[in-house]
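Reader: I am new to this kind of picture and would like to learn how to read it one feature at a time. Could we look at it together, beginning with the loops?

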Amino acid sequence: MRLLVLGGTAWLGGLVAADAVASGHDVTCLARGESGSVPAGARLVVADRSASAPDADPYAAVPGDWDAVVDVARHPAHVRGAVRALGERAAYLTYVSTVSGYADTSTAGQDEQAPLVEAFAGAEPTDADYGPAKVACEEAVWQGFGADRALVARAGLIGGPGDWSGRTAWWPWRFAHPASPDGAVVVPVDPALSTQVIDARDLAAWLVDCCERATPGLADAVGPITTLAEHLATAREVAGHTGPILEAEPDWLVQQGISPWMGPRSLPLWLPTPEYAGFMSRPGDAARALGLACRPLASTLADTLAWERDRARREGPDRPWRSGLTDAEAAELVAAWRRRAGS
């Protein structure tokens with residue numbers, strides 16, 4: 001198979017390229033080359049999809065026909081440009097979208113037929129426009145390739161080694177390295193909240209498999225549904241943590257200035273309910289019917305912890321995190337919990 005990966009130097013795109021190379025395919029990655037190198041065996045073509053000059057055509061650098069294309073872009077103009085340039089040169093396209101495009105995050109058990117947010121119609125999407133921009137990208141794919149030559153995979157929370165967001169790395173790391181002398185860790189308690197992680201390696205392997213079979217369709221590429229409590233218990237187990245667990249209600253965490261989901265001073269994966277009770281509770285039946293297989297959560301979290309430990313050796317203890325609490329913040333949260341308990 002002659003495969004064109006639009007990207008291939010960052011996390012998921014790189015895994016797709018590596019998996020395809022390992023499967024014996026001829027892989028070309030078109031990217032700016034600023035996020036890193038392509039996997040061994042893949043070919044890098046340096047081009048800028050955001051070039052705004054009237055005569056700019058980044059796809060002229062990848063001439064010929066392609067059996068399949070994989071695109072993970074979030075900018076509608078980039079996807080529209082790819083569809084225009086490759087619609088008659090590529091037999092098939094897989095586009096990685098997101099479940100953040102769904103309008104209703106509160107209702108559990110919704111599938112691919114659930115309503116979407118309104119597609120982004122502006123010129124330059126921001127991070128706040130992520131879901132609407134991806135919906136606009138989907139529209140471009142359907143219009144350019146049609147339902148019989150494209151797969152739109154709406155990915156859920158992607159985790160595993162290489163997780164730049166820290167959402168699947170922080171909890172195993174915190175349990176392995178508690179900030180409190182007695183090993184205590186504060187955890188959010190919300191019985192209504194579930195988590196749903198898909199390992200990036202499983203997602204990449206499935207995308208390559210779909211390219212090999214030219215599998216069309218629409219599917220939520222999500223992992224198995226796991227309660228937040230079960231996810232944290234698994235993270236604790238793989239970390240070998242034996243210290244105290246201090247359970248905290250969401251309202252109290254908000255009072256302490258703790259943010260949900262990700263970002264500075266946050267507790268990853270925790271989301272407010274009931275408004276997000278359905279965000280990570282999608283059946284995923286369509287993707288499984290198309291061959292998606294997910295490894296156990298414990299395997300994903302153990303490998304992610306190993307990757308994070310390697311990052312710590314390479315970058316040092318002050319390496320940046322995009323999610324979670326610092327050691328000082330985690331220690332203060334333990335102290336605040338105990339002051340409340342004592343009172």
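Author: R265 is found in the loop between β15 (263-264) and β16, where helices (H or I, at least four residues) and strands (E, at least two) are DSSP runs numbered from the N terminus. This is a predicted model, in which local features need pLDDT of at least 70 and side-chain atom pairs count only at pLDDT 80 or more, while totals for chains, interfaces and linings use all residues. Residues are numbered from 1 along each chain as its sequence is written, and side-chain values use heavy atoms, with hydrogens and water left out.

Reader: What is the phi of R265, and is the residue buried or exposed, or partly so?

Author: Most residues other than glycine have a negative phi, and most peptide bonds are trans. R265, although not a glycine, has a positive phi near 50 degrees, and its relative accessible area of 30% makes the residue partly exposed; buried means under 20% relative accessible area, exposed over 50%, and partly exposed in between, with a 1.4 Å probe and protein chains only.

Reader: Where is L269 found, and what is its phi?

Author: L269 is found in the loop between β16 and α8, and its phi, near 80 degrees, is again positive in a residue other than glycine. L269 is buried, with a relative accessible area of 0%. The loop between β16 (266-268) and α8 (285-289) also holds P274, and the peptide bond that leads from T273 to P274 is cis, with omega near 15 degrees.

Reader: How should I read a sheet, and what is the order of the seven strands in the open one?

Author: One begins with pairing: two strands pair if DSSP finds at least two bridges between them. Here the open sheet of seven strands runs in the order β3-β2-β1-β4-β5-β6-β11, with parallel pairing. Because β3 (43-46) and β11 (217-221) stand at the edges with a single partner strand each, one side of each is left without a neighbour in the sheet. From one strand to the next the twist averages 20 degrees, where axes are lines fitted to C-alpha atoms, for helices over the stretch in contact, and angles run from 0 to 180 degrees between N-to-C directions.

Reader: Which strands pair with β1, and over how many bridges?

Author: Strand β1 (residues 2-6) pairs in the parallel sense with β4 (residues 68-71) over four bridges, and with β2 (residues 26-31), also in the parallel sense, over five bridges. L4 can serve as a landmark, since its bridge partner in β4 is V69, while in β2 L4 stands opposite T28. Four of the five residues of β1 are buried, so this strand is largely enclosed by the rest of the structure.

Reader: What unit do β1, helix α1 and β2 make?

Author: A crossover is right-handed if, with the strands pointing away from the viewer, the path from the first strand over the helix to the second runs clockwise. β1, α1 (residues 11-22) and β2 make a right-handed β-α-β unit. The buried residues of α1, among them W11, L12 and V16, pack against β1, β2, β4, β5 (93-98), β7 (157-159) and α5 (200-213), contact meaning heavy atoms within 4.5 Å. Just after α1, G24 takes a positive phi of about 90 degrees.

Reader: How many residues has the largest nonpolar core, and which have the most contacts inside it?

Author: In soluble globular proteins, nonpolar side chains tend to be buried together. A nonpolar core is a set of buried Ala, Val, Leu, Ile, Met, Phe, Trp, Tyr and Cys residues joined through side-chain atoms within 4.5 Å. The largest one here has 41 residues, and those with the most contacts inside it are W171, V186, L253 and L267. The helix α10 gives the most to this core, with five residues. Leaving aside neighbours within four places in sequence, W171 is in contact with residues including V186, L232, L267 and L269. A second, separate core of 32 residues includes V27, A200, W206 and C211.
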